[in-house]
Amino acid sequence: MSNYSVKIKSSSKELSTKERIRAKDLSDCVKLDKEISEDGEGIIIYPESYIVLEVHNEKSKNNPDYNNYVINDKDGTRYATGSESFWRAFSDIWDEITDAISDGEVEEWGIKAYKLPSKNYDGKTFITCSII
């Protein structure tokens with residue numbers, strides 16, 4: 001078994017072979033943890049689709065098996081994070097918006113991704129998002 005492997009766990013849309021190969025390469029993604037400042041300013045993303053990647057990395061310090069989440073912006077930018085708190089907030093928003101769109105309610109939307117102070121770990125932050 002390889003020391004490092006990536007599999008597509010799920011996607012919001014059907015992917016071509018080229019898109020599946022590209023999805024597993026995060027080298028050109030904007031990393032949310034590095035892009036978002038600690039001041040709460042955040043960044044605005046207009047999601048077009050998402051991909052959940054299942055990663056196995058034996059060199060990981062904590063857990064060798066984890067997920068990465070890739071949000072594809074309408075402008076072509078790809079944002080990546082391993083943040084479970086971000087993913088919970090994003091997937092709740094995505095599910096409700098896509099239900100509304102399928103019911104005929106069409107409205108432009110986006111998300112603001114930002115950091116908040118952790119209540120559990122003094123001096124630490126976590127990534128989350130809100131609809132805009």
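Four salt bridges are present in the structure, a salt bridge being a side-chain nitrogen of Lys or Arg within 4 Å of a carboxyl oxygen of Asp or Glu. The model is predicted, so that local features need pLDDT of at least 70 and side-chain atom pairs count only at pLDDT 80 or more, while totals for chains, interfaces and linings use all residues. Residues are numbered from 1 along each chain as its sequence is written, and side-chain values use heavy atoms, with hydrogens and water left out.

One of the salt bridges joins Lys13 and Glu19, with 3.1 Å between the closest N and O atoms. Relative accessibility was classed as buried (under 20% relative accessible area), exposed (over 50%) or partly exposed (in between), with a 1.4 Å probe and protein chains only. Glu19 is partly exposed at 30%, and Lys13 is partly exposed at 38%.

Arg22, Asp28 and Arg78 form a network of salt bridges. Within this network, Arg22 and Asp28 pair at an N to O distance of 3.1 Å. Asp28 also pairs with Arg78, where the closest N and O atoms lie 2.6 Å apart. The Asp28 and Arg78 pair links distant parts of the chain, 50 residues apart: Asp28 is in the loop between helix H1 (17–23) and strand E2 (30–31), and Arg78 is in strand E6 (residues 78–81). Helices (H or I, at least four residues) and strands (E, at least two) are DSSP runs numbered from the N terminus. Arg22 is partly exposed, with 43% relative accessibility, and Asp28 is partly exposed, with 45%. Arg78, in contrast, is buried at 4% relative accessibility.
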